[in-house]
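Me: Please take a close look at one part of this structure, the metal site, and then go on to whatever else can be said about local packing. Keep it plain.

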Amino acid sequence: MHYQIIPHDPFAHLFRVKCVIDNPNPDGQIVSLPSWIPGSYMLREFAKNIVSLRASSAGQEVAVEKQDKSTWQCAPCQATLEIEYDVYAWDLSVRSAHLDQTHAYFNGTSVFLQVHGKESESYTVEILPPPDSVAADWSVATSLSLDGAELWGFGQYKADDYDDLIDHPVEIGHFDVLSFEAGGVPHDLVLSGHYRADTARIVQDVKKICDTHVEMFGKLPPMARYLFLVWIVGDGYGGLEHRSSTSLLVSRADLPKPGEAEVSDSYRQFLGLCSHEYFHTWNVKRIKPEAFMPYRLNAESYTQQLWAFEGITSYYDDLGLVRSACVDAATYLKALAETTTRVLRGRGRFKQTVAESSFDAWTKFYRQDENAPNAIVSYYTKGSLIALALDLHIREQTNGEQSLDDLMRQLWREYGEPAIGVPEKRIEQMASVLAGVDLTNFFIRYLYGLEDPPLEDLLSSVGVEYFIRPAASVDDKGGTPTEKALETLAVRPDLGLRHKVDNGALRVSHVFEEGAAIQSGIAAGDILIALDGVKLTSANITELLSRYAVGEQVNIHLFRGDLLLVVETVLQSPPADTVELRLMESPSPDQLARRQAWLGQ
Ligand code: ZN
């Protein structure tokens, strides 16, 4: 099986792809394009971007008939079948493909047709330079195996099978390469886009994170090299894991300034993203739910286990930063407190369990609307709190002899390394055995039920104090101590909504269940105009509200569409949903020892 791909027309954002099938199905070859990309659980119908497709054999045109939205059937032919098509690539994300005069980027799921019946055959891929001279000195970055091409060069690459072919994103353009080694394997950070940053610091920190994860699992899965493809833009955030690489989309302001020593919140977030995707090299790329073995890329694949594959990974992403000494314990606790605050601010956690959130990821988590905070819970954030609770619970039950680290190593040995899918509920059984106690009730309450894990008690066992209070301001994300007294916070009048500034206007983005806004008839999308006759702006809303007391009624003028409405709103006290975590000043020797073991210090 052979593919050829050319960034054919950067100005029109078109890749030209040729698929050569030596022994096509004599009854008529069927081909299709995946509807989703592994790691991002939403049908994206990549075939919609194929703008022209034609087939030929021995110089004769072969008729092609569309079977469904993503599938084509070619007329029977005896000789080699060639299918040529153009793919429109203008998606600024790590999930599909993007092409202009500055670079080319693609995932195999967006450009390589699945040739039915040939999925287990080996593939060669010729990556050719664009015909245009604007891109004369572009290079190629991909973890696809070399098959004649030189490292960073155009030419021929290869893949073991279709699954391998579509699991190595490709970046083509001008980029910088920062190299290091981890687990005995060469690693490269490929930085594309405009930036000015302390690259020596980035490579040093990312290496420490990689070393920490390799050390925990014992070894890196077999691979020739590992690539971080980092695409740097003005405003962007996202990552997608692959078997021996990851694609990251980051904002240039997230990278550390030259000469800067502190860990800014945004740099911590960048390192957390690198840590997250690298941890996936084991957890989800090799330790996989049974439902993903093999991936069925034409329809949704349902599993209740994403709390383990995304939640546990989210738990270890920030934990990896403190264990690798990229951040100190206090900074880690700040990140953990922010995550906890995000979970507590969603009332959807009283409607949807984390197991349900995983199962319905396709239609709910990945398709969030304005009502999401009231209706759904995140298997990432609440999943990471369940992972934390499980880790601390296992440590407590076994006097520190066992931990979630041991569970992950066991999963790697029993499922990841031999490439066996993890059956539903199996991780829960393994955790019970490891802890030496039946954890069925733990999972019934926090994973299959609507309860919050008992973090205050569990964190106390590792010498961490848990405080919960109302937010000090609309910008308060938790994690940071406030100078305001608790009594002051509890009586701050609250509207129970979130807004954003839209062309200078205050547009309501979410109204929270049982809050003042929803009870008075304010809806998401409304534009707030005035409070008791005074014009509302993002600059004065907090100040205006602070003149009122909880329980007082205010008149709010708003536009819904082009209609003016006025509603009477009774101000409420803000919910206690903001968490701070602090290291205990005088922990017992037991608490201190457990904390050091947990944080790897
Ligand atoms: Zn993830």
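Reply: What follows starts at the metal site and then moves to a helix pair and two strand residues.

The model is predicted, and every value below is computed from it.

The zinc ion has three residues as its protein donors: His276 and His280, each through NE2, and Glu310 through OE. These donors lie 2.0 to 2.1 Å from the zinc ion. Along the chain, their spacing reads H-x3-H-x29-E. Both histidines can be placed by accessibility. His276 has a relative accessibility of 7%, so it counts as buried, the cut-off being under 20%. His280 is also buried, because its relative accessibility is 0%.

The helix pair comes next. Two packed helices are described by the angle between their axes and the distance between the axes. Helix 9 covers residues 381-397 and helix 17 covers residues 589-599. Their axes come within 12 Å, and the crossing angle is roughly 130°. That angle lies outside the ranges for roughly parallel, roughly perpendicular and roughly antiparallel, and helix 9 and helix 17 are therefore oblique to each other. The hand of the crossing is right-handed. On the helix 9 side, the contact is made by Leu388, Asp391, Leu392, Arg395 and Glu396. Helix 17 contributes Arg594, Ala597 and Trp598. Sorted by class, the contact between helix 9 and helix 17 has 4 nonpolar and 4 charged residues, with no polar ones.

Two residues in strands complete the account. Ser251 belongs to strand 21, which spans residues 245-251. With a relative accessible area of 9%, Ser251 falls under the 20% limit and is therefore buried. Leaving aside residues up to four places away in sequence, Ser251 touches Ile232, Val233, Gly234, Asp235 and Gly236.

Leu14 is in strand 2, residues 14-21. Its relative accessibility is 15%, so Leu14 counts as buried. With residues up to four places away in sequence again not counted, the contacts of Leu14 include Ile6, Pro7, His8 and Asp9. Val51, Asp86, Val87, Tyr88 and Leu99 are also among the residues that Leu14 touches. Val94 is 80 residues from Leu14 in sequence, and the two are 17 Å apart in space, C-alpha to C-alpha.

How values were computed. Residues are numbered from 1 along each chain as its sequence is written. This is a predicted model: local features need pLDDT of at least 70, side-chain atom pairs count only at pLDDT 80 or more; totals for chains, interfaces and linings use all residues. Side-chain values use heavy atoms; hydrogens and water are left out. Donors are N, O and S atoms within 2.8 Å of the metal (3.2 Å for Na, K and Ca); water is not among the atoms, so sites may look incomplete. Buried means under 20% relative accessible area, exposed over 50%, partly exposed in between (1.4 Å probe, protein chains only). Axes are lines fitted to C-alpha atoms, for helices over the stretch in contact, and angles run from 0 to 180 degrees between N-to-C directions. Helices (H or I, at least four residues) and strands (E, at least two) are DSSP runs, numbered from the N terminus. Angles under 35 degrees count as roughly parallel, over 145 as roughly antiparallel, 65 to 115 as roughly perpendicular and the rest as oblique. A crossing is left-handed if the near helix is turned anticlockwise from the far one by less than a right angle, and right-handed if clockwise. Contact means heavy atoms within 4.5 Å. Ala, Val, Leu, Ile, Met, Phe, Trp, Tyr, Cys and Pro count as nonpolar, Asp, Glu, Lys and Arg as charged, and the others, Gly among them, as polar.
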